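Here's a quick briefing on where the ligand sits and what the open pockets look like. Have the model open while you read.

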Amino acid sequence: MTDVATVPTSDHDPFGPDALEDPTRMHAQLREAGPVVLLARYGVYAMARYEQVHAALVDWQDFQSGAGVGLSNFRYEKPWRPPSLLLEADPPRHDAPRRVLSGILGPRALRRLRDRWFAEAEALVEEVLSTPELDVVPALAEAFPLRVFPDAVGVGEEGRENLLPYGNFVFNAFGPPNSLVTEAMPDMPRWSEWVNAQCAREALSGDGFGAAIWAAADRGEITHDQAPLVVRSLLTAGVDTTVHGIAAMLYAFATHPQQWRRVRERPQLVRAAFDEAVRWQSPVQTFFRTATTDTTIGGAVIPEGSKILMFLGAANRDPRHWTDPDTFDLERDPSGHVGFGMGLHQCVGQHVARLEAEALLTALVRRVERLELVGSPLRHHNNTLRAWARLPMRLHTQPD
Ligand code: OVM
């Protein structure tokens with residue numbers, strides 16, 4: 001006979017306005033409560049400690065994605081859109097689309113974009129500096145990814161304004177059907193139709209990531225039916241995430257002037273800086289998994305079929321794993337953070353995200369002596385994303 005531990009219960013609503021405004025206290029309480037917690041409000045389990053989150057993310061056999069990585073369980077509920085072949089699939093179905101995208105978005109393939117993106121970043125920073133006081137969310141965090149990423153995919157100019165709201169809706173839709181979801185419902189078909197139309201071969205330029213996905217279908221690496229859904233993954237996951245990752249980094253430096261001086265002294269720190277910002281803010285806060293078997297966590301049995309919420313943001317600040325986790329610090333080695341996930345599903349676009357951030361930060365480091373917050377930052381609430389709506393800053397330039 002073994003004792004079966006009971007799972008602690010929590011009344012926290014991770015998708016309520018208080019937690020979305022600042023999840024820090026909730027994260028600490030969920031980590032303290034135990035290795036796994038029952039979120040009474042939703043009847044789902046949650047893990048907030050690094051050890052358990054990491055272990056579950058790498059264990060795709062026991063913690064599947066195919067029943068959806070949002071609150072909705074695809075075993076019982078019809079998904080609002082055809083499931084992603086990457087995010088919402090398990091091996092073996094997941095593997096061919098993953099292999100194809102890994103090649104197209106891998107470090108080797110991105111080399112041809114590097115010089116162009118660095119030049120684009122310099123041009124944007126130069127433009128922005130003509131107005132030294134401005135909201136860096138639209139001016140930098142949104143403007144840069146929107147300048148380079150849709151071009152790299154091969155999307156036409158018309159209708160690009162649909163990309164951010166569509167992504168924002170998808171990330172909200174991983175949560176419960178609260179007002180963030182229901183209030184956007186009327187607009188969703190318009191965004192969705194435009195995005196789906198851009199996934200067709202005819203809509204894409206001949207030299208981008210999109211065309212490369214269709215070429216992989218021609219080679220038989222995925223089917224022609226799968227190609228538009230793989231393109232859809234790029235357009236869904238590739239914009240809001242990088243926007244909020246870059247915004248997190250700009251906020252981090254504006255609030256840590258000492259760290260800005262450090263990166264200016266040693267520009268080779270730009271890559272670590274982005275990963276440390278991703279660890280510290282965790283632009284993607286949460287994803288669910290579904291237990292494929294009765295599984296024991298910390299002595300408690302989580303029944304087969306249960307949804308389990310992985311708090312990436314809480315794991316990334318777990319003091320059981322990190323020293324001074326709440327400090328944004330370029331001296332630390334942020335590797336092993338779960339801000340891009342971990343295991344089989346770990347962000348396939350992470351090299352794209354890092355290259356965007358590196359290009360923009362390099363241009364800023366060259367020209368900007370100090371980033372100063374000149375007004376109140378304003379959070380953008382999303383059921384999955386930790387995001388900024390507004391970051392008013394003065395960008396102090398080098399006196400010539
Ligand atoms: C996808 C997808 C959508 C949202 C997020 C994501 C972070 C992937 O459509 O594949 O990964």
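What follows covers the ligand site, then the two largest pockets.

Keep in mind that this is a predicted model. The ligand fills the space of the largest cavity, with nine residues around it that split by class into five nonpolar, three polar and one charged. Away from that site, the largest pocket holds about 420 Å³ of space, while the second largest comes in at about 160 Å³.

**Around the ligand**

- The shell is made up of R81, S84, L87, F171, F174, S233, T236, A237 and F287.
- Helix α11, spanning residues 227–237, gives the largest share of that shell, with three residues.

**Polar contacts to the ligand**

- S84 has a side-chain N or O atom 2.6 Å from a ligand oxygen.
- S233 also puts a polar side-chain atom 2.6 Å from an oxygen atom of the ligand.
- For R81, the distance from a polar side-chain atom to a ligand oxygen is 2.9 Å.
- On its own the ligand would expose 310 Å², and the protein buries 87% of that.

**The largest pocket**

- Which residues lie nearest the centre of this pocket? They are S72, W80, A173, F174 and G175, out of a lining of 21 residues.
- F174 turns up here and in the list of residues surrounding the ligand.
- Helix α7 (residues 163–173) supplies three residues, the largest share of the lining.
- Sorted by class, the lining has 14 nonpolar residues, three polar ones and four charged ones.

**The second largest pocket**

- Its lining consists of H12, D13, G16, D18, A19, D22, R25 and M26.
- Two elements each give two or more residues to that lining: α1 (17–21) and α2 (24–33).
- How does this lining divide by class, and how many residues are charged? Four are charged, with two nonpolar and two polar residues making up the rest.

**To take away**

- The ligand occupies the largest cavity, and the protein covers 87% of the area that the ligand exposes when taken alone.
- Ligand oxygens have polar side-chain atoms of R81, S84 and S233 at the distances given above.
- By class, nonpolar residues number 14 in the lining of the largest pocket, whereas the lining of the second largest pocket has two.

Conventions: Residues are numbered from 1 along each chain as its sequence is written. This is a predicted model: local features need pLDDT of at least 70, side-chain atom pairs count only at pLDDT 80 or more; totals for chains, interfaces and linings use all residues. Side-chain values use heavy atoms; hydrogens and water are left out. A residue is near a molecule or strand if one of its heavy atoms lies within 4 Å of it. A polar contact is a pair of N or O atoms within 3.5 Å; within protein, one must be able to donate a hydrogen and the other to accept it, and residues adjacent in sequence count only if both atoms are side-chain atoms. Accessible areas come from the Shrake-Rupley method with a 1.4 Å probe; for residues, only the protein chains shown count as cover. On a 1 Å grid over the protein atoms alone, a cavity is a set of points where a 1.4 Å probe fits but cannot get out, and a pocket is an open set with protein on both sides within 12 Å along at least five of seven lines; lining residues have an atom within 4 Å of a point. A molecule sits in a cavity or pocket if more than half of its atoms lie within 2 Å of its grid points. Helices (H or I, at least four residues) and strands (E, at least two) are DSSP runs, numbered from the N terminus. Ala, Val, Leu, Ile, Met, Phe, Trp, Tyr, Cys and Pro count as nonpolar, Asp, Glu, Lys and Arg as charged, and the others, Gly among them, as polar. Grid points are joined across faces, edges and corners, and a volume is the space filled by probe spheres set on the points.
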